[in-house]
Each structure stands twice: as C-alpha cells, then as structure tokens.
Amino acid sequence: MLIDGKLVEGAAGVFANINPATEQVIGEVSDASTADAHRAIDAARRAFDRTDWSTNRVLRQHCLRQLQDALEAERELLREELIAEVGCPRSITHGPQLDAPLSDALTYPADLIDDYPWETSLGDALVSVTGVNTTRKVWREAVGVVGAIVPWNFPFEVAIHKLGQALATGNTVVLKAAPDTPFNATRLGRLVAEHTDIPAGVVNVLTASDHLIGEELTLSPKVDLISFTGSTAVGMRIMEKGAATMKRLFLELGGKSATIVLEDADLALGCMMGIAPCVHAGQGCANPTRLLLPRSRYDEGIEILSGIYRGVQPGDPQDPATLCGPVISDRQRTRIRGYIEKGIAEGARLVVGGAEPPDGLDTGFFVRPTLFADVDNSMTIAQEEIFGPVLSVIAYGDEDDAVHIANDSPYGLAGNVISGSVDHALAVARRLRAGFIGVNGTAGYGADTPFGGYKNSGVGRQNGTAGFDQYTEIKSIAYPAV
C-alpha cells in the first residue's frame, strides 16, 4: 500500500486476489487494518494542512502529467492486470476499462487548472448592511481530504477519474480499492511514489479484505469529502454515517436504465442496443437493462433479440472476440441466478439463457446471457439492479406510456432513445428523468462530460467542470473598494 509517501505492508497481513475466469489465485495483496486506515487519513490531513499542495497549481499540473507518463509506460502491463483481476474482456480494455480513461482522465483536469475560474469578480457595490463601497469576489478552494472509494467493475476507470479531479483541485486523497480488484490501485500507488513529485501524504492507497475499512473514511472527522462509486445501498449507508461529521458527498450509484425504441426507429439498431447487458457480463451501472418496444413491433423485436442473444456465448476474457466474460465472484453469480429464477417465478417469459451454468464452462464465475420477454415494469427484474447479463423487454402503447415506464424506477442514472429522427429522439430524451442519455447508439463519455444520476442513482457528478466544482469549496471575499 502507499501511506505517507512510503510503500508499506498491511498490519492485517495479506489476502488473495482471485481471477474470476479461472478461480485461481493470481497473487496476494496487503490487508489494511483500522490502524492503517487512520495512518493514511492522518497523512492526508497533514499533507493538506502543512504543505502548499492545495495552493500550488503549477506543482499539481506538473505531477498529474508525471503520473500520466508513468501510466502510459505501463499501459500494457496494466491491461493484462485488469483482464486477470477484473475478468473484463480484452476488447473493452481498449475502451472504458483502460484506454478511454487513460486518454483524458488526468490530462483534462491538468489542463483545466489553467482555465478554471478559481477567482470570480462580482464587481464593486455599495453594500447596504455596511454602507461601504465594497469589492466582492468569489474564490474556489480545495475541500480538503477526500476519501475515494472505488468499485470492482471498472476499478481503474473510476479511480483515475477520482484522482484526476480531486488532485487537480488541490485536495489530498485516501484511495480505498475494492477487495476484489486491488492490483490496479497498488500499481497506481507505486507509480505515484516512484515516478512523481507528489508530496508524501497527498495520495494514499489502501487495500483491505474487509469492506468496513472504507467506513473509517466516512466516520473520520479528518476526512472532508467522500467520493464513492458503488451500490445504492452502500451509498445510503455512507450518507447516513457521514451525517455526524457533515461530510461532503459525491455518490455515483446504481441504475436500471431503459432504452426506448420509438415507432419510427430502425428496429435492428434498437435491438442491437439490447446487447449492452452482455458487455462485461452486465457489470456496468449505466447498462440499459430494460428495452422498451412498441407493441406494433414487439414480436418482430423479440425475434431479432432472440437471434442476438443466442449468438452471444460467455467465454475467456483473454480472447479478443469475447464480449461476455465472467462476473466478479461466486457470490455475485449466485445473486444473478437468483434474479433469473425470480423473473421466471413472477411470470416473465424466458426466451434465451437461464440460471443453469453455461455449457462447457465448469470453471470460472460465468452466467448465461439471459433474455426475458413479456416483462411487466413492476416485476423485480425490471425494478432492481441485477448487475449481470440479463435484459428485460417491455412492451409499451404510445410514446407517453414509454416515457412513463422508463421513469417508473427508483433509479435515474442513464437511458437511450432510438428514433429515425434525432429531433424526435431529443424531445423524448428531455422527458426522461436520468442524468446520462444517448441517442441512436451514441454516448457522451469523456473526462469533460458530467456523469451521474437522478433519484437513487446518486448525488453529484463525475467529470466535467461540474465534477471539478464538487471537489471545491466556495469562499466569498469582500474588502473596501479602492
């Protein structure tokens, strides 16, 4: 681990890192204790309070670019590491797992340091409460110590975006890796220590087998902001536990996103969006896991989707042709199979897949890509986040009905609209209560694009100037005008 500028072992010993495709141990990693967590928090607090990191923008920019160069030098090692510990298909490491975030997660915030409105003038005014002609300004300053808690599904992508924006705005960070995917985080810590001028304590990296080690960040009064990506249930717990110390929060949580295929859409394109839950075995919070088809084209759509799903076979993530790899653990596999069984029990029609193990895959945590038709939006599989390769297809009447169904969810992270007219699709997109909408198969992903959701999908936004803003405090300044 990285604590206070030093690479150290964990006081709780070590724990195993398991390859979900083979169920084999690929190595061991330091296991942090509660005392380790507090040493990391103390180091981050000292670095923020006693160094010029929060005010030295030139140094921050320089260090982020050093870290970018170090990551570029180890890109291919990191790629193999992610495939092994995450079980992500090799193909998506060339997109959102690695190459996409590596292209701009550090460079965008580093460049933004030059252009960000750290100081804004409100002009001079005669202030009535004092009777003094006053110059008024607004300053943006770092929040302080950030506890960054990272999930296992896209661990590097989430970690590097959190680090980029938190560090660029002048905060210090304690990064807590997911127990299932710790190696990418320890690599980040080593590169910070060995290849950058980031001062000791500015970045700390914890790995722990105990999920509750991360809760020490939420409970500590020395931590000013929690930046968490993960389940809604844990996000709610963080919100509750953080109330005692008035924690600032960024929570990017779960989703149950819907794709609306409109009457005027290219039906084949709309149905191709239905393959999304198969990518990375459905382990993506923004995956559109509900597909809404007009009743007039419903049977035709189910026939197309059936052919697509029968053609997707889970397999070795090392194979460049694999789309659907394993899920992260046996526990997660059991959970997904339980949802599939519940879908059948509640009356959904199983078209492809099921809860049985995939043929020929006796080793590894694999789940059959599963297609349900005739799903009612009130069913469990349409309301709860499954986080597996399961698609629920729902029929709708008119356009108002489609919008109602899409919005009838406790979540509001993402969505898609497919139409023969972009203007028509945009009009429908405006009616959706979700934070990240794609039209006709596009997505606005990037370090300059705010990402986050409405309702139970979270609080705040990752990336863009909106993401930059949430890592800052606002200070209003007034002094006599000259």
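**Cores, sheet and annotated site in the predicted model**

In this predicted model, V375 touches A348, I381, A382, S392, V393 and I394, leaving out residues up to four places away in sequence. V375 belongs to the largest nonpolar core, which has 55 residues. Within that core, the members that touch the most others are I260, L292, L293, L305, L371, V375 and V393. V393 thus appears both in this group and among the contacts of V375. A separate core lies apart from this one. That core has 54 residues, including L78, V173, I198 and L225.

The UniProt record, an unreviewed entry, annotates residues 11-477 as "domain: Aldehyde dehydrogenase". Over this span, helix accounts for 37% of the chain and strand for 22%. The C-alpha atoms at the two ends of the span are 46 Å apart.

The same unreviewed UniProt entry places the feature "active site" at E252. E252 sits in strand 11, which covers residues 248-252. Its relative accessibility is 4%, so E252 counts as buried. Residues up to four places away in sequence aside, E252 touches F228, T229, G230, C285, L413, F451 and S457.

Strands 5, 6 and 22 form an open sheet. Their order is 5-6-22, and the pairing is antiparallel. The edges are strand 5 (119-127) and strand 22 (472-480). Each has a single partner strand, so one side of each is left without a neighbour in the sheet. On average, neighbouring strands of this sheet are turned by 20 degrees against each other, direction ignored. Strands in a sheet pair through backbone hydrogen bonds. Strand 5 and strand 6 run antiparallel and are joined by 8 bridges. In this pairing, E119 stands opposite W139 of strand 6.

Strand 6 spans residues 132-142 and includes A142. A142 has 12% relative accessibility and therefore counts as buried. Beyond its neighbours within four places in sequence, A142 is in contact with F48, S54, T169, G170, N171, Y471 and E473. Of these contacts, E473 falls within strand 22 (472-480). A142 and P450 are separated by 308 residues in sequence. Their C-alpha atoms are 19 Å apart in space.

The structure holds 5 aromatic pairs. One of them joins Y116 and W118 in an edge-to-face arrangement. The ring centres are 4.8 Å apart, with 70 degrees between the planes. Both Y116 and W118 are buried. Together with F468, these two residues form one aromatic cluster. F468 lies within the span of helix 17 (464-470).

Helix 17 is also among the elements that cover the buried residues of helix 6. Others that cover them include helix 2 (57-73), helix 5 (99-104) and helix 7 (155-168). Helix 6 itself runs over residues 107-115. Its buried residues are Y108, P109, A110, L112 and I113. An α-helix has 3.6 residues a turn, so residues three or four places apart point the same way.

Notes. Residues numbered from 1 in each chain as written. Predicted model: local features only at pLDDT ≥ 70, side-chain atom pairs only at ≥ 80, totals over all residues. Heavy atoms only, no water. UniProt positions renumbered as here; feature names shortened; annotations may be inferred. Helix = DSSP H or I, 4+ residues; strand = E, 2+ residues; numbered from the N terminus. Buried < 20%, exposed > 50% of the residue type's maximum accessible area, 1.4 Å probe, protein only. Contact = heavy atoms within 4.5 Å. Core = buried A, V, L, I, M, F, W, Y, C linked by side-chain atoms within 4.5 Å. Pairing = 2+ DSSP bridges. Axes fitted to C-alpha atoms, helices over the stretch in contact; angles between N-to-C directions. Phe/Tyr/Trp six-rings, centres within 6.5 Å; stacked < 30°, edge-to-face > 60°.
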